[in-house]
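Visitor: I would like to learn how to read the features of a model such as this one, step by step. Could we look at it together?

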Amino acid sequence: MLVLPNSQIRLEALNNALITNPKGVEYRISHWAVDIQDIHKILVVCHEQDGLGMDEITFTWDSIKDWSIQLQTEGYRIC
């Protein structure tokens, strides 16, 4: 399936997705935030895939542009 230019989705649709950095480390997207000091900076709040799911790790959207993403439906929840 080809994603056409100017396509849009809500950020919440990416919650629970599995993202993988170029070194193979996997994270689950928990939620999204915006840096109030830099309103154009979107923050991706994640948890390590292999961790206990308690520690949040935050990345900027720009910093993960070369990562892969596997979309998920429901089933993964951070307690």
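Visitor: Which residues make up the largest nonpolar core?

Guide: Bear in mind from the outset that this is a predicted model. A residue counts as buried here when its relative accessible area is under 20%, and the largest nonpolar core consists of eleven residues, namely L14, A17, I19, Y27, I29, W32, V44, C46, F59, I64 and W67.

Visitor: Which strand supplies the largest share of this core?

Guide: That share, three residues, comes from β2, while β2 and β3 (42-48) are each the source of at least two core residues.

Visitor: How many residues of β3 are buried?

Guide: Five of its seven residues are buried, so β3 is largely enclosed by the rest of the structure.

Visitor: In what order do the strands of the sheet stand?

Guide: As a general idea, strands of a sheet pair through backbone hydrogen bonds, in either a parallel or an antiparallel manner. In this model five strands form an open sheet with antiparallel pairing, and their order is β4-β3-β2-β1-β5. The edges are held by β4 (56-60) and β5 (68-70), each of which has a single partner strand, so one side of each is left without a neighbour in the sheet. From one strand to the next, the twist averages 40°.

Visitor: How many bridges join β1 to β2, and which residue of β2 is the bridge partner of I19?

Guide: Strand β1 (residues 18-20) and strand β2 (residues 26-34) run antiparallel and are joined by three bridges, and the partner of I19 in β2 is Y27. Both I19 and Y27 also appear in the list of core residues.

Visitor: Over how many bridges do β2 and β3 pair, and how many join β3 to β4?

Guide: The antiparallel pairing of β2 with β3 extends over seven bridges, whereas β3 and β4, which also run antiparallel, are joined by five. One can follow a single residue across both pairings, for V45 in β3 stands opposite H31 and has T58 as its bridge partner in β4.

Visitor: How much space lies in the largest pocket, and which residues are closest to its centre?

Guide: The largest pocket holds about 320 Å³ of space. It is lined by 14 residues, of which I9, L14, W61, I69 and L71 are the closest to the centre, and by class the lining has ten nonpolar, three polar and one charged residues. L14, one of the residues closest to the centre of the pocket, belongs to the largest nonpolar core as well.

Note on methods: Residues are numbered from 1 along each chain as its sequence is written. This is a predicted model: local features need pLDDT of at least 70, side-chain atom pairs count only at pLDDT 80 or more; totals for chains, interfaces and linings use all residues. Side-chain values use heavy atoms; hydrogens and water are left out. Two strands pair if DSSP finds at least two bridges between them. Helices (H or I, at least four residues) and strands (E, at least two) are DSSP runs, numbered from the N terminus. Axes are lines fitted to C-alpha atoms, for helices over the stretch in contact, and angles run from 0 to 180 degrees between N-to-C directions. On a 1 Å grid over the protein atoms alone, a cavity is a set of points where a 1.4 Å probe fits but cannot get out, and a pocket is an open set with protein on both sides within 12 Å along at least five of seven lines; lining residues have an atom within 4 Å of a point. Grid points are joined across faces, edges and corners, and a volume is the space filled by probe spheres set on the points. Ala, Val, Leu, Ile, Met, Phe, Trp, Tyr, Cys and Pro count as nonpolar, Asp, Glu, Lys and Arg as charged, and the others, Gly among them, as polar. A nonpolar core is a set of buried Ala, Val, Leu, Ile, Met, Phe, Trp, Tyr and Cys residues joined through side-chain atoms within 4.5 Å. Buried means under 20% relative accessible area, exposed over 50%, partly exposed in between (1.4 Å probe, protein chains only).
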